[in-house]
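Subject: Structure handover and notes

Dear colleague,

I am passing on the structure we spoke about, with the sequence alongside. Please have it open while you read, as the notes below follow it element by element.

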Amino acid sequence: MNLFSLKEAAKQALSQTEVNFVIGYTKGSYGFRVAPFFAQNEAEVEKLFFSPLCDLSLVNYLSLEKNTPLEKFGKSPEQKIGIFVRGCDSRAINQILSEKGIIREELIIIGIPCHGVIDIKKLEARFPGVLDQARAEEEDGKYTICFGDKSFAIKKEDILSDKCKHCAYPTPLIYDLLIDGKVEGKDDRYEDIKPQEEATLGEKEEFWKNEFSRCIRCYACRNACPLCYCENCILERLSPQWVKRSVNPTENVIYHLSRAFHLAGRCAGCGECERVCPVNLPLMLLNRKLEKDVKSLFNFTPGIDSEQKQFLTTYDLKDSEEFIL
C-alpha cells in the first residue's frame, strides 16, 4: 500500500471546503487492533494508514453520522463525508445508495483495492496476550507480523479472513479517488457452504440448534452490520413484539433467521457480523447460502450498482417457479 498516495487522497478530499472529515483507519493503542479515525485537517491525515490488519468496515459510520436522510432526499447537501472503502465496503455503500439510505452527493469515496485482510481472531489465537503495538505487511504470499523486537513470517492462507478467500470484488466498485492499482477478484463457487448444503435436514437442524444455543443476544452482529441501519428495528419492537428478548434457543433461532432473511439480496459479504460475534457463530454460512440462492434464482447480486433495483421489487416473465411450494 502506497501510504503517500493514501494520505494525498485524504488531503485532496479535505481540500474541498464542504468536506467535514475523512473516515479512515489509524493504528490502535495495543496489540493487533486498529481503530477508526475521523481526520478533520491535514495534520490529522498523518495518523491515517492501511495495512492487512484493517479488518473492520467503516461504512456503519455513515448511517450513524447522517442517520437516514429519506426526509431530505433530493436537497442539496451542505456537508460531505470522505471515507475509505475496500471492495466489500463499496458493495455495502452501493446497496445503501440504491435503498436511498444515504445520498451519493454527500460522499467522497476513497477506494482502496484490497489484497485481503487478516482475521484478528486467528492472529490473537497464535499470539495471545500481545500488548505491544503490532504491524503487518504482505509479500510473496506471506504476512510478516512484527511486535516488540519480534518478527514472524506466516503463510497468508493461515490467517487470512475467510471472507477474503472467495472475494469476487476486491477493487471498490464505486469511488471518487482510487489508491493504487486494481486487484483481480476470485471466482466464487461457494465451496465454503457446500458441506451445509449436502447435509441432511436433520443434520442441518442439529447443527444450527447447537450454534444458536450459544448466542447471548448481544446484538453485536446487527449493530456492526452496515445494512442494518433501520432506526426502529423490528427485532426490538415491544408493540407489537415480534421477537422476545429472552435468551433461549427458540427465540435465538427466530432472531437469526429474521436477520438472515432481512439481508437476503442485500448482504454485501463484508463479514462484520462474524468479526464482532463474541461466541464466533458462523453467521456468514446463512448469509452466503441466501446470497447464492438469490443469485441462482433471480440472477441478482447485491451492491454491484447503486442504481440497480432490488430483486424483490422486480420480476421477469421468465423467472423460475420451481421453488414455489
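Which residue takes a positive phi in the hairpin of β5 and β6? It is aspartate 140, with a phi near 55°, in a hairpin that has 2 residues between the strands. Please keep in mind throughout that this is a predicted model.

The hairpin belongs to an open sheet of 3 strands, in which the order is β5-β6-β7 and the pairing is antiparallel. The edges of this sheet are β5, covering 135-139, and β7, covering 150-155, each of which pairs on one side only. From one strand to the next, the twist averages 20°. Between β5 and β6, the latter made up of residues 142-147, the antiparallel pairing runs over 5 bridges. Two of the facing positions may help you to check the register: glutamate 139 stands opposite lysine 142 in β6, and alanine 136 stands opposite isoleucine 145 in β6.

Isoleucine 145 also leads on to the packing, since the largest nonpolar core, with 85 residues, has Ile145 among the residues with the most contacts inside it, together with Phe32, Phe84 and Ile93. Domain 1 (3-178) and domain 2 (191-313) both contribute residues to this core, and it therefore lies between them. For phenylalanine 84, if one leaves aside the neighbours within four places in sequence, the residues in contact are Leu6, Ala10, Val22, Ile23, Gly24, Tyr25, Leu48, Leu58, Ile110 and Ile112.

The cysteines deserve a separate word, in case you need to assign their bonding before setting up a calculation. A disulfide is a covalent bond between the sulfur atoms of two cysteines, and the cut-off applied here asks for a pair of cysteine sulfur atoms within 2.5 Å. By this rule the count comes to 0 disulfides. Cysteine 225 is in no disulfide, and the nearest cysteine sulfur, which belongs to cysteine 228, is 4.0 Å away. Cysteine 225 counts as buried because its relative accessibility is 8%. For cysteine 270, the closest cysteine sulfur is that of cysteine 88, and because the distance is 5.8 Å, the two are too far apart for a bond. Cysteine 270 is likewise buried, with a relative accessible area of 7%.

With best regards

Key. Residues numbered from 1 in each chain as written. Predicted model: local features only at pLDDT ≥ 70, side-chain atom pairs only at ≥ 80, totals over all residues. Heavy atoms only, no water. Pairing = 2+ DSSP bridges. Helix = DSSP H or I, 4+ residues; strand = E, 2+ residues; numbered from the N terminus. Axes fitted to C-alpha atoms, helices over the stretch in contact; angles between N-to-C directions. Buried < 20%, exposed > 50% of the residue type's maximum accessible area, 1.4 Å probe, protein only. Core = buried A, V, L, I, M, F, W, Y, C linked by side-chain atoms within 4.5 Å. Domains from an automatic or database assignment. Contact = heavy atoms within 4.5 Å.
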